[in-house]
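Colleague: I'm new to reading protein models, and I'd like to go through one with you, feature by feature. Could you put it up so we can start?

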Amino acid sequence: MRAKIPYALTAAVLVVYFVLVGSRGVLLIKAGTLLTVTFGVAVLILPVIGVWFLWKNTQFVRDANRLAVELDAEGGLPVDTLRRLPSGRIDRESADEVFALRKAETEDAPDDWRSWFRLAVAYHDARDTPRARKAMQRAIALRKTAS
């Protein structure tokens with residue numbers, strides 16, 4: 001729940017920004033010269049890309065949350081047993097140990113979305129966000145095909 005409020009706030013600010021940029025693009029197109037129409041079209045492309053990106057990101061978060069709820073209901077969410085530094089950050093060696101277990105679990109069951117979900121959490125704990133995202137996308141895709 002803590003993460004939902006900043007995400008919603010950021011999304012709302014982005015939507016306002018997209019509307020403002022889009023209105024400027026329309027104004028440029030209405031000016032009617034070749035240069036302003038060209039710039040107007042170019043400016044309108046930015047909000048379109050932004051809205052698409054925001055939509056895809058929101059879908060990803062919703063799908064990942066659904067998997068978390070389902071896995072929690074099954075009692076399969078990974079338990080946080082990681083050691084922490086005095087600052088509260090996860091101890092790197094501890095994260096690496098858990099990651100090795102999760103990776104082996106995923107190699108043993110490569111078609112199980114649950115193992116990919118837990119691997120994504122392990123990647124996240126090891127501060128490897130791009131791989132965490134890819135692993136979560138794989139878990140989402142496997143869950144959709146299992147339905």
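Colleague: Let me start in the middle of things. Leaving aside its neighbours within four places in sequence, which residues is Leu67 in contact with?

Modeller: Keep in mind that this is a predicted model. The trick with contacts is to skip the sequence neighbours and see what else turns up. For Leu67, that leaves Trp113, Phe117, Met136, Ala139, Ile140 and Arg143.

Colleague: Which residues touch the most other members of the largest nonpolar core?

Modeller: A nonpolar core is a set of buried nonpolar residues whose side chains are joined by contacts. Here the largest one has 19 residues, and Leu67, Phe117, Met136 and Ala139 touch the most other members. Helices α2, α4 and α5 each supply at least two residues of this core. The largest share, seven residues, comes from α4.

Colleague: Then let's look at α4. How many of its residues are buried?

Modeller: For burial, you ask how much of a residue's area is still accessible; under 20% relative accessible area is buried. In α4, 10 of the 13 residues are buried, so the helix is mostly covered. The buried ones include Trp113, Trp116, Phe117 and Leu119, but also Arg118 and Asp125.

Colleague: And what covers those buried residues of α4?

Modeller: The cover includes α2, α3 (92-108) and α5 (129-146).

Colleague: How far apart should the ends of α4 be, at 1.5 Å a residue?

Modeller: That's a nice check on any helix: work out the expected span, then compare it with the distance between the end C-alpha atoms. Helix α4 (residues 113-125) has 13 residues and should span 18 Å. Its end C-alpha atoms are 18 Å apart, which agrees.

Colleague: What happens to the backbone just after α4?

Modeller: Look at the phi angle there. Arg127, in the loop between α4 and α5, has a phi near 65°, a positive value in a residue other than glycine. Arg127 counts as partly exposed because its relative accessibility is 42%.

Colleague: Now for charges. How many salt bridges does the structure hold?

Modeller: For a salt bridge, look for a side-chain nitrogen of Lys or Arg within 4 Å of a carboxyl oxygen of Asp or Glu. The structure holds 12 of them. One of them joins Arg66 and Asp63, with the closest N and O atoms 2.9 Å apart. Both residues lie in helix α2, three residues apart, which is about one turn of the helix.

Colleague: Is Asp63 buried or exposed?

Modeller: Asp63 is buried, because its relative accessible area is 14%. If you leave out residues up to four places away in sequence, Asp63 touches Ile140 and Lys144.

Colleague: Can you show me another bridge inside a helix? Which residue does Asp96 pair with?

Modeller: Asp96 forms a salt bridge with Arg92, and here the closest N and O atoms are 3.9 Å apart. Both residues are in helix α3, four residues apart, again about one turn of the helix. Asp96 counts as partly exposed because its relative accessibility is 37%, and Arg92 counts as partly exposed at 42%. Bridges can also link up: shared partners join Asp63, Arg66 and Lys144 into one network.

Colleague: What about Arg84: which residue is its salt-bridge partner?

Modeller: The partner is Asp80, and their closest N and O atoms are 2.3 Å apart. Arg84 counts as partly exposed at 42% relative accessibility, and so does Asp80, at 49%.

Colleague: How far is Arg84 from Val51, in sequence and in space?

Modeller: Compare the two kinds of distance. Val51 and Arg84 are 33 residues apart in sequence and 38 Å apart in space, C-alpha to C-alpha. Val51 sits in helix α2 and counts as partly exposed, because its relative accessibility is 45%.

Colleague: One last thing. Which residues form a nonpolar patch on the surface?

Modeller: Here you look for nonpolar side chains that sit together with area still accessible. Val41, Ile45 and Ile49 form such a patch, with about 260 Å² of accessible area together. Ile49 lies in helix α2 (residues 34-74). At 49% relative accessibility, Ile49 counts as partly exposed.

Note on methods
Residues numbered from 1 in each chain as written. Predicted model: local features only at pLDDT ≥ 70, side-chain atom pairs only at ≥ 80, totals over all residues. Heavy atoms only, no water. Patch = residues over 30% accessible without salt bridge, like charges linked within 9 Å, V, L, I, M, F, W, Y side chains within 5 Å. Areas by Shrake-Rupley, 256 points an atom, 1.4 Å probe, with all protein chains shown as cover. Buried < 20%, exposed > 50% of the residue type's maximum accessible area, 1.4 Å probe, protein only. Expected span 1.5 Å × (residues − 1). Contact = heavy atoms within 4.5 Å. Core = buried A, V, L, I, M, F, W, Y, C linked by side-chain atoms within 4.5 Å.
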